[in-house]
Every structure is written in structure tokens, then in C-alpha cells.
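This report walks through the interior, the pocket and the charged pairs of one protein chain. Please keep the structure open while reading, and look up each residue as it is named.

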Amino acid sequence: MTTFSAPAKAPQWHSAGMTWRSWRGRASTEQVIALVSLGFTLLCNGPFWHAALSASHAGVRLVLSLLLIVTGLHALLISLVATRRTLRPLLTIVIPLTALAAWFMQSYGLYVDADMLRNVLHTDRREAGELLTPGLLMPLVPALLVVVLLWRVDLVARPSWRHAVLLRALFVGACLLAIAAGGALSSRALASLIRGQREVRYLVTPANYLVSLGRVLSDARRGGQTRRLPIGADAHLSPAARQAGRKPRLLVLVVGETVRAQNWGLNGVTRQTTPELAARHDVLNFPDMHACGSSTEVSLPCMFSPYGRADYDEAKIRAHQSLLHVLARVGVHVLWRDNQSGCKGVCDGLAVQSLTSSRDPVLCNALRCQDGILLKGLEDTLDPAHGDQVIVLHQLGNHGPNYFERSPKAFARFMPTCMHPDLGACRREEIVNAYDNAVSYTDHVLNAAIGWLQARHDYDTALLYVSDHGESLGEKGLFLHGMPYAIAPEEQLRVPMVMWFSQQWLDHDGLHLDCMRTRASQPASHDNLFSTVLGLMQVKTGLYLRERDLLAQCRA
């Protein structure tokens, strides 16, 4: 006899899965925009809420005010560009980006303005790869789940385009009303917040990167329509530079990366991170040197510009040529050797050697080369027949967060070190150790460059090293760099600078070492670089400002 058993009951998880796959939502475009905007305000703005509320004692009214303003702002921005057909594709991009931006800001204490966004957009694949850590799954997974949910919502179609336009206009009006109501609800506290912490607006996510992206694209469009304007058209070599029998000058200008003054051994800090330079007695150290910006994207164009931070005008700086073009105009042979992400327009149209893809088995791996590569083959770039030469060495330096990869194992003097790109996974002591090991390697590279220059007898030689900006290593919860200049901490703005001159250069220029050491102990900034280099290369132009030439008072 054959028997048949009843079918087994489906497992609970299987039933739940079927329910999820069969679920469909229904909402209007405006309802989705409002809900997503509220989610951004509540879930993706932790740094903003912390900064805004810690700076004020207005309490509940300020919270409600900011809730209305931030949510209304995001809803307004999205409603101005999204339609029923484009809303879901648009939010499929914006939601994960916003989650990632919020995570980076929370993890590293970052602010997102136009300069920071330029840094992100100009980051090469190697730099981007170092930031792709397993920690990114924390914000990305829930963001992608929200996107999946969004695509299971049917957006209500309007009876006609007139009806759709009318409803959207009413929605935009409601957004503006919410913003105005938020401003009126706590106007005094808001005014105090804006006066005391203007940069808090760079924490409002995703408005910060959406607005900044518009500005960056607009600037790029204007910049792409015009060539860089020439500067120093009146430049010429001084008569002394043309003396018969004078050896040509060779200046090696080393642009450091992310090295801060607080960890520079020559500045008298507790830990000696520059033992090789400290052993020399012919190096000038500038302990009170300040950068033009807190990121390469700002500092590099600024430090090579005649306008600089004192008369800071970003558009003007980016629209004009640099110090290197003035030198080339008077016949100085200029070469840019790069072990980083380019010269940010400073060397446009000039000779460039990119070493980032070199295959040296000792100095390079599959992704990066250590800075010793900048000295390899340097001999082959010289030709005394060219006359005076300036060679710029653009370092990878201490570029984070992979500080542990910036120096060979032989320079791992400070242990234990952070061996992970996710700095949150390391103790601060380990982060600082890895950073200081990289500083020590820069010390070695600079000393090797000086030794190479010192051995040359066919040039009068000199070296000038200055870092582009500093770095935060956990102070006040901040990591990396790129804070808006007005609120950037000293760790991101104070940088090291050193100079070295051969005896022949000192003699021919009439430079007095005692005077130079006195000047080196006084405050200086990137604004001094332009006129100081012109003075060293004996270039005369109306752009030269004697008061900014660090060595002008020390010439006979």
C-alpha cells in the first residue's frame, strides 16, 4: 500500500523572501524627494550636527530650525533637477555617494568644499586605491539596500505635464517656506552660528559636494576656454648672471608632500626624524614656515604664483602662468620630475618627467615608487650647455593614509607602525610612528640630493626644500588634510623648509651665512618662494618683491 505525506510547510525565511520580492510601493516623486531629504538630514549629517550644536546653547529651537533648513535645502536641490523619469537614476548615484561622503567626514574629520572636491576629482587611481578599504562596506551596504528599495517603489504619473509642473512648483515653494520658517524659528542662534562657524556649511551633506561640484565644473569650463595668461613679460637676467666665465647655476627645488613642521627633527622636536640633515652644518632650516593652503590642489599653484596667500585670488592664480614660466622665459632650463599626481598647472607647457610608473625593482612596486626614484637618472637630465637650470622634484613624501608604504623597511626606526590604510584601525602611536618613518626617508633623500650636488664642479649648486602642506594625525579627531584654510589647524599649515648652497654659489652671490641663519629663524611662508627663487636665479622683473625675498638682506 502506498501512502502520501502532506507537503512540508515552507520555512519562515522563504516566506519572508517571497513577501519581499512581491512587495511594491507607490509614492509621488515629491514624496520620495521629501523622505530621502529627511533621511539625509538625520542619517548622513553627524559631523554637521555635532559641530553646529556644540557651538551653541539654543537647544531644541535651534535643532528644529536646522532640521527644517537642511531638509528643505536638500529637497530644493533635488527637486530642481529631478523628474519622475530621472529621480531614481539620480538617487542611485547620490545616495551611495552621500553615505560614503558622510563616512569619510566622520572617520577623518574632513570638510567638503570646492578645494576638497578638486582633490578628490584629481586623485589618481593609486591614491584612490589606498582609500578603498573594507571599512567602506559599513556605509555602502545600507545605502545600496535603500537604493534597491527605491527601485521597488512605483512613482505616480501625473495626468498632464501642466499638472506635474504645478505640483512641482508648489513643492519648491514648500521647500522655500520650510527654509524660511527654519530661519525665523531661531534667527538669533543661527546668526551666532554663522558668525562663529561659517565653515559648518561644508559639513551639510550632500549639499556640500553637490554645490561644490557645480562650482568646480563651472571653474573648469571657464579655465578650459582660455590659455594661462603670461606673467613677467618684462623679466630678464641681471648683468651679474651674464658674467664671462661664470659657471651655470643648478637649483634643485624639492616640493615635499604632506610633511608637517611639528614632526620635523630640525625644528627641535622631541623625536629626531632628520638625523642626516642634522649632522650637516651647512643646512639652513626655517622652523616657522607656513603653507598657502592645506592641500596640494591649493598650495601648489599658490606657492608658485606671484599673488600667493597675501593677495589670494584663486581664479587669478589658476588663470596665470607660474614662477617656472618666468624662469623659462629668460632662458633658464626648467624640468619638472614628478613622483606624485602632477603639477596642478604649474608646469604646463614645460618639460615634465613622470616617474610614477617606473619599474625599478628596488624603489617601485606595482602601484608606487618611493622618492629615491627622483634621484635616479638625474645625471642624465643635465647639460651645462643649457646654462642655468632649475629641476623641480615633486615628492610622494608622506601622502596618507598609507604612511607605512612611504619608506623602505630599512627606515622603520619607530615601532610599532600602523600597517593599514584605515587609520581608525590603528592606535595613534602607530600612526605617528609610520608617519615619522616616512619623514626620516625624506631626510635621507634630501641628504643624498645635497651630496650629489656637492660633488658637482660644473655648476654652482643649491637645493631648496619646502613641503606643500601638513597633516593631521588625530589631533582634535582630525586626520589627513584639506580643511578650509580659515579653520585649518596648525598641523596642516605649518611646514618644514630647508636650503643648502655650495660654497661657490655663496661666494658668487655674496651671501652671508650668519645673516641667512638669522633670517631663517624668523617667520616665513609660501608667499616668499616666488621672489626668493627669482633672487637666487638673478632674474629681474616687476613681479620681484625685495621684501619677500628671504635672502635679499644677506647679499653683499
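In this predicted model, F48 touches L66, V70, V200, L203 and V204, once residues up to four places away in sequence are left out of the count. F48 belongs to the largest nonpolar core, which has 100 residues, and together with L463 it touches the most other members of that core. Helix α5, which spans residues 87-108, gives this core its largest share, namely 12 residues. A second core, separate from this one, holds 54 residues, including I231, C302, V346 and M499. As a general background to such groupings, nonpolar side chains in soluble globular proteins tend to be buried together.

The next topic is empty space. Rolling a probe the size of a water molecule over the atoms shows where such space is left. The largest pocket encloses about 1,100 Å³, and of the 37 residues that line this pocket, M116, N119, V120, T123 and L131 are the closest to its centre. Helix α5, already met in the largest core, also supplies the largest share of the pocket lining, with nine residues. At least two lining residues each come from α5, α6 (114-121), α7 (125-131), α11 (207-224) and α13 (296-303). Sorted by class, the lining consists of 24 nonpolar, nine polar and four charged residues.

What remains is the charged pairs. Side chains of opposite charge can pair when their charged atoms come close, and in this model the count of salt bridges comes to 22. Three of them are set out below, with the distance between N and O atoms for each pair.

| Salt bridge | N to O distance |
|---|---|
| D348 and R228 | 3.2 Å |
| R555 and D509 | 3.4 Å |
| D549 and R555 | 3.0 Å |

The pair of D348 and R228 links distant parts of the chain, since D348 sits in the loop between β7 (333-338) and β8 (351-354), while R228 sits in the loop between α11 and β3 (236-237), 120 residues apart. Are these two partners buried or partly exposed? D348 has a relative accessibility of 40% and therefore counts as partly exposed, and R228, with a relative accessible area of 27%, is partly exposed as well.

R555 takes part in two of the pairs in the table, one with D509 and one with D549. Because R555 lies in the segment after β16 (539-540) and D509 lies in helix α18 (residues 503-509), their salt bridge ties together parts that are 46 residues apart in sequence. Buried means under 20% relative accessible area, so D509, at 9% relative accessibility, counts as buried, and D549, at 4%, counts as buried too.

R228 deserves a further look, for its surroundings reach well beyond one salt bridge partner. Leaving aside neighbours within four places in sequence, R228 is in contact with I317, R318, A319, H320, Q321, K344, G345 and D348. The C-alpha atoms of R228 and S322 are separated by 9.2 Å, although these residues are 94 residues apart along the chain. Two of the residues that R228 contacts, R318 and K344, also belong to a network of salt bridges that links R118, R215, E297, E314, R318 and K344.

Technical notes:
Residues are numbered from 1 along each chain as its sequence is written. This is a predicted model: local features need pLDDT of at least 70, side-chain atom pairs count only at pLDDT 80 or more; totals for chains, interfaces and linings use all residues. Side-chain values use heavy atoms; hydrogens and water are left out. A nonpolar core is a set of buried Ala, Val, Leu, Ile, Met, Phe, Trp, Tyr and Cys residues joined through side-chain atoms within 4.5 Å. Buried means under 20% relative accessible area, exposed over 50%, partly exposed in between (1.4 Å probe, protein chains only). Helices (H or I, at least four residues) and strands (E, at least two) are DSSP runs, numbered from the N terminus. Contact means heavy atoms within 4.5 Å. On a 1 Å grid over the protein atoms alone, a cavity is a set of points where a 1.4 Å probe fits but cannot get out, and a pocket is an open set with protein on both sides within 12 Å along at least five of seven lines; lining residues have an atom within 4 Å of a point. Grid points are joined across faces, edges and corners, and a volume is the space filled by probe spheres set on the points. Ala, Val, Leu, Ile, Met, Phe, Trp, Tyr, Cys and Pro count as nonpolar, Asp, Glu, Lys and Arg as charged, and the others, Gly among them, as polar. A salt bridge is a side-chain nitrogen of Lys or Arg within 4 Å of a carboxyl oxygen of Asp or Glu.
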